[in-house]
Amino acid sequence: MTGFRSVFILSALLTAGLTAPGWALDLQLPVGAELTAERPSELDSFAAPIAPFDGAGVPAVTLEGAITRRAWRIPSPGLTPLQIIVPLRAQLEEAGYDLAFECASDICGGFDFRFNTEVLPGPNMYVNISRFRYLTALRGPREAPTQAVGVFVSVTAASAYVQIIFADTGVDVEDMLPERTVAPVDPDQGTVGDSIEMHPLLTEGHVALSDLDFATGTTDLGPGPFASLQALAEVLRARPDLRIALVGHTDTVGGLEPNVVVSRERARSVRARLISEFRIAAGRLDAEGMGYLAPIASNLTAEGRDRNRRVEAILLNVE
């Protein structure tokens, strides 16, 4: 079974039942597709790729609003990325989306595209660097779309994997943000301005957010409150000219690729919290992951590994 005949047969095997509450798209996947991850967020951001890796990064349009991330595994050997993505592309176009960008492995940029594009951590999603396709579909102007859908498809000898990220800017951000109160300052400890100017982000250019807690087995930031994050937010609110990068780090348990993914997703969780809870503008916050490439302690001891599992805030520049 090859060519368009196989695509037609695959399209005929599509099944419903994969729509989640709040998921604005009724996209259908092949029979047997198993949902491996679902991560809805009422207020987050998504950088939707609109071009291949250009040597410095992946050009993207960023949407802020309700973001839903989902992934599936299809336990069917012999499928190609094109066979899976063609029916999804057709459904998106039928739903009124414009195809803004599509590429295959080498054309996308291979390894570089994969590690500069948002991917759910394994084993929920797996990307075979030599056999994947990506597409971005938009609603609204390309420069400022109201909705975006990012579809990542990859295959191995035994299975296929599909990730779909849906972004909808049609939310009233101000209504979703909680009221913030500033804790009173102890007069014996100086003024707020004094404490901000002495913050390590300003005096040293970086600070480790050492008290963060992530849910076991996930990259989701715990409920807090976290004193280090509150202090960082105070600095960013007092100094609107600052831009920072949140950089995740891990210990050396496991391979480099999954550790890079985990570290980046944890940094993104911290970024989302600064946006949603502390009202820091998304454009002032980058999020990346280094995996185990930048340790601050020995990974030969439990204490050292614990110190290496961290998220740091790095001062990028003053706008």
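Is Cys108 buried or exposed, judged by its relative accessibility? I looked this up in what is a predicted model, and I noted that Cys108 has 0% relative accessibility, so I entered this residue as buried.

**Entry: the disulfide.** I then turned to the bonding of this cysteine, and I found that Cys108 forms a disulfide with Cys103, the two sulfur atoms lying 1.7 Å apart. I recall that a disulfide is a covalent bond between the sulfur atoms of two cysteines. The cut-off I applied to the sulfur pair is 2.5 Å, and by this rule I arrived at a count of 1 disulfide. For the partner, Cys103, I read a relative accessibility of 3%, and because buried means under 20%, I put Cys103 down as buried. I also looked up the torsion about the S-S bond of Cys103 and Cys108, which is about 100°, and I therefore recorded the disulfide as right-handed.

**Entry: helix H9, Glu265.** I next went to helix H9, which spans residues 256-276 and holds Glu265. I noted 6% relative accessibility for Glu265, so this residue went into my list as buried. Leaving aside residues up to four places away in sequence, I found Glu265 in contact with Glu118, Val119, Pro121 and Thr219.

**Entry: helix H9, Leu256.** I stayed with helix H9 and looked up Leu256, which also lies there. I read 33% relative accessibility for Leu256 and therefore marked this residue as partly exposed. I finally listed Leu256 together with Met290 and Leu293, since I found that these residues make a nonpolar surface patch of about 250 Å².

How values were computed. Residues are numbered from 1 along each chain as its sequence is written. This is a predicted model: local features need pLDDT of at least 70, side-chain atom pairs count only at pLDDT 80 or more; totals for chains, interfaces and linings use all residues. Side-chain values use heavy atoms; hydrogens and water are left out. Buried means under 20% relative accessible area, exposed over 50%, partly exposed in between (1.4 Å probe, protein chains only). Helices (H or I, at least four residues) and strands (E, at least two) are DSSP runs, numbered from the N terminus. Contact means heavy atoms within 4.5 Å. Patches are made of residues with over 30% relative accessible area and no salt bridge: like charges are joined within 9 Å, nonpolar side chains (Val, Leu, Ile, Met, Phe, Trp, Tyr) within 5 Å. Accessible areas come from the Shrake-Rupley method with a 1.4 Å probe; for residues, only the protein chains shown count as cover. A salt bridge is a side-chain nitrogen of Lys or Arg within 4 Å of a carboxyl oxygen of Asp or Glu.
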